[in-house]
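Subject: Structure handover

Hello,

Here is the structure for you to take over. Please open it alongside this email; my notes follow below.

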Amino acid sequence: MTITNKITLVVIGILLLLCSVLAVAEFSINLAFLQQEMQLQAQSAMQNLSIALIPILETGDKEKSELFFSTVMSEGTRLNEATLKWMFDDEFQNWSHQTGINQKVPEWFISLGFVEPISLTSTINNGWTDLGTLSITVTSDYAYLALWELSVPFTIFAIAVIVVATILVRVALKRALSPVVAMTKEAKRIAQLDFSAKIPTPKDTDLRELTHSFNDMSSQIQNLFDTLNEEMNALRQKYLFDQASGFPNRSFLMRQLESWLSEGDSGVLMFANLKWLEDVKPNEGNKSLNDSLAALRKSLEKVLPHSNDAFAARVGKSELAIFVPSVNEKQARTLLSALIRTFSNEVIMSGLSSANAFTIGIAEKKNDDTVATLLSRANTALQEAEESQKVFLFASAGEELSSTQIDSGLESAINANTFGFKLQPILSKQSHEIQHYEAYAQIPMDNEFVPAKNLVSDLSRLSLSNKFDQSVVNQMIDVLKSDMTFKPVSVNLTANSVKNPEFVKWLIKTVKKNQLQERLLFEFAEAVVCLSPEDCEVTCQRFREAGIKFGIDRFGQHLSSVSYLRALKPTFVKLDHSFLQNGEEDNNHLLLTPMIKMASSLGIEVIASAVEYKQQLNHLSNTNIDGYFGYISPPVTLESLTCDVAKSA
């Protein structure tokens with residue numbers, strides 16, 4: 001119960017007690033007065049009737065007595081009953097009258113028995129002989145009516161006083177405790193690492209110091225968070241970047257390649273031998289080697305497509321590795337032309353000859369590539385280009401599906417919904433039970449199923465990303481609705497879908513229509529957040545408002561600032577594969593630990609990816625990991641899983 005409600009109840013209780021005391025006192029005074037008035041009325045009525053009956057009793061005229069009492073016991077009389085006993089023959093005459101007043105007073109009030117009717121009996125004589133005996137009863141109806149009419153206004157007044165006093169107290173408390181309410185809201189924001197507002201200083205002196213202390217605490221926590229973020233960036237720069245040139249180093253390249261290959265997307269890797277840099281001589285007025293590399297880095301940043309998450313890394317004294325995901329050979333050749341022009345411009349600006357100044361070897365990713373084979377093919381292409389004195393050379397890609405086959409296969413599969421699905425169990429670290437599944441779609445191509453993650457760039461090129469995601473979502477909805485005991489399923493959305501407001505609108509409407517907010521989850525890669533932060537923030541806000549759970553995949557892949565978690569507030573994050581594959585490296589642990597702590601402090605579930613052995617899981621035992629997945633519990637086909645569920649049912 002809130003402080004306001006507690007104080008309000010105390011005030012109401014005190015007012016009820018005071019009003020009750022006043023009501024009892026007022027009621028007792030009114031009751032005593034009415035009882036006294038009834039007694040006086042009864043005595044007065046008895047005296048008047050006794051005098052008026054003497055002549056009638058002396059004559060013995062009973063008809064006159066009937067007429068007399070018929071007049072007396074008429075409307076307006078306080079008498080309820082009257083009985084006359086004649087002395088000369090002991091005969092009784094009885095009269096009664098119902099006032100009808102009790103209809104104006106509730107039965108329950110009369111049944112309380114506060115006032116009883118008053119009965120009197122008197123002998124009538126003419127001074128020397130007894131003529132008769134008169135008995136009368138004065139009704140209590142008029143007393144009850146007067147008592148009710150006095151009690152109702154008082155009760156209404158008391159209730160009005162209590163209501164008005166309660167409202168005034170609550171308004172006063174609301175104003176007086178507004179700093180406390182503000183501190184409560186601020187505490188909730190701080191718990192989410194949101195430091196966007198400060199509590200204004202209140203007018204009340206007793207709360208002013210508390211408010212200042214709270215604001216100071218908020219600033220200190222913000223400073224700690226910013227310091228943690230800065231330390232992460234410093235560690236990133238120290239271990240993953242070449243300090244002299246500013247290029248990412250070989251370690252960064254290897255991590256990105258491992259993460260990229262695990263996702264299966266297309267792309268190319270280029271090795272560039274910048275031979276002209278070896279001829280740079282600072283003492284002859286040229287830039288130093290590192291200065292030349294730094295200038296080249298800035299030029300390459302303008303050429304490499306940021307939307308594709310491409311980058312160049314320094315892997316030798318004068319060698320660069322250029323990684324461009326989500327492109328095919330045709331697109332890579334277009335980019336290659338821009339790279340050659342950039343290199344040529346840098347050679348000319350150095351005052352050197354552009355002849356045989358650099359050589360580039362390019363390897364396009366194959367479906368069975370590993371990091372080692374991809375690096376080997378790119379290096380071989382570079383060596384062959386140097387031996388043949390060519391500017392660039394593409395490594396032989398072997399037999400792969402043609403663009404025509406891919407295009408027709410994608411369109412037919414999406415139109416016919418002929419997807420295959422594997423479901424990857426996501427397990428709890430504590431119980432090792434399944435929390436939910438992640439759906440892996442597979443697309444039939446040339447008599448075999450190809451993982452959809454290998455064709456993401458082709459889906460984008462053909463503008464089929466939204467349609468593909470819609471089809472996957474609809475099929476997962478059918479699975480969940482067919483079996484209410486089926487564990488929740490997570491669908492990994494493409495970048496185009498996350499950034500498309502119309503798709504997001506359709507998605508939310510569909511999920512809410514099928515009442516699957518708790519069972520159908522969504523996730524998207526961290527690269528989408530880094531490249532389109534504003535679109536992601538809008539989409540995530542709409543998800544939260546609709547009660548839909550969502551997560552960030554490949555969390556930490558870019559090893560950049562993860563402060564976006566405060567704005568997006570995802571339900572869960574999945575660590576990038578490279579953290580487990582490089583788990584024994586010291587710098588990996590230094591980067592991983594603060595990232596996990598930051599996510600956990602925001603109440604976000606952290607899920608480890610690519611867990612293959614129990615030893616890897618044990619390595620994470622001292623971290624705030626909530627779940628894990630990988631080939632320690634490999635994905636299963638949707639068909640086999642639904643069959644097992646049906647058998648168990």
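**The mixed sheet**

Ala272 stands opposite Ile360 in strand 8. Keep in mind that this is a predicted model. The pair sits where strand 5 (residues 267-273) meets strand 8 (residues 359-364). These two strands run antiparallel and share 6 bridges.

They belong to an open sheet of 5 strands. The order is 6-7-5-8-9, and the pairing is mixed. Strand 6 (311-314) and strand 9 (392-394) are the edges, each pairing on one side only. From one strand to the next, the twist averages 20 degrees.

A helix covers part of this sheet. Helix 9 (residues 329-349) lies across strand 5, strand 7 (319-325), strand 8 and strand 9. Helix 9 runs at about 165 degrees to strand 9.

**A salt bridge at the edge strand**

Which residue does Arg314 meet in a salt bridge? The partner is Asp242, at 3.0 Å from N to O. Arg314 is in strand 6, while Asp242 is in the loop between helix 6 (205-240) and helix 7 (250-263). The two residues are 72 apart, so the pair links distant parts of the chain. Across the whole structure, a search finds 11 salt bridges.

**The antiparallel sheet**

There is a second open sheet to look at, with 4 strands in the order 2-1-4-3. Its pairing is antiparallel. The edge strands are strand 2 (92-96) and strand 3 (118-125), and each pairs on one side only. Here the twist averages 15 degrees from one strand to the next.

Helix 1 (residues 3-59) packs on this sheet. Helix 1 touches strand 1, strand 3 and strand 4. Its direction makes about 25 degrees with that of strand 3.

Inside the sheet, strand 1 (residues 79-86) runs antiparallel to strand 4 (residues 130-138). The two are joined by 7 bridges. One bridge partner to check is Val138 in strand 4, which pairs with Leu79.

**A hairpin**

Strand 11 (residues 434-445) and strand 12 (residues 448-451) are antiparallel, with 4 bridges between them. Gln442 stands across from Pro451 in strand 12. Strand 11 and strand 12 form a hairpin, and 2 residues lie between them. Take a look at Asp446 in the turn: its phi is positive, at about 50 degrees.

**Two packed helices**

How far apart are the axes of helix 13 (residues 465-482) and helix 15 (residues 501-513)? They are 11 Å apart, and the helices pack at an angle of about 5 degrees. Helix 13 is therefore roughly parallel to helix 15. Helix 13 brings Asn466, Asp469, Gln470, Val473, Asn474 and Ile477 to the contact. Helix 15 brings Phe503, Trp506, Leu507 and Thr510.

**A nonpolar patch**

Last, the surface. Ile159, Val163, Ile167 and Val171 make a nonpolar patch of about 350 Å². Ile167 is found in helix 4 (residues 141-176).

Over to you.

Best wishes

Definitions and conventions
Residues are numbered from 1 along each chain as its sequence is written. This is a predicted model: local features need pLDDT of at least 70, side-chain atom pairs count only at pLDDT 80 or more; totals for chains, interfaces and linings use all residues. Side-chain values use heavy atoms; hydrogens and water are left out. Two strands pair if DSSP finds at least two bridges between them. Axes are lines fitted to C-alpha atoms, for helices over the stretch in contact, and angles run from 0 to 180 degrees between N-to-C directions. Contact means heavy atoms within 4.5 Å. Patches are made of residues with over 30% relative accessible area and no salt bridge: like charges are joined within 9 Å, nonpolar side chains (Val, Leu, Ile, Met, Phe, Trp, Tyr) within 5 Å. Accessible areas come from the Shrake-Rupley method with a 1.4 Å probe; for residues, only the protein chains shown count as cover. A salt bridge is a side-chain nitrogen of Lys or Arg within 4 Å of a carboxyl oxygen of Asp or Glu. Angles under 35 degrees count as roughly parallel, over 145 as roughly antiparallel, 65 to 115 as roughly perpendicular and the rest as oblique.
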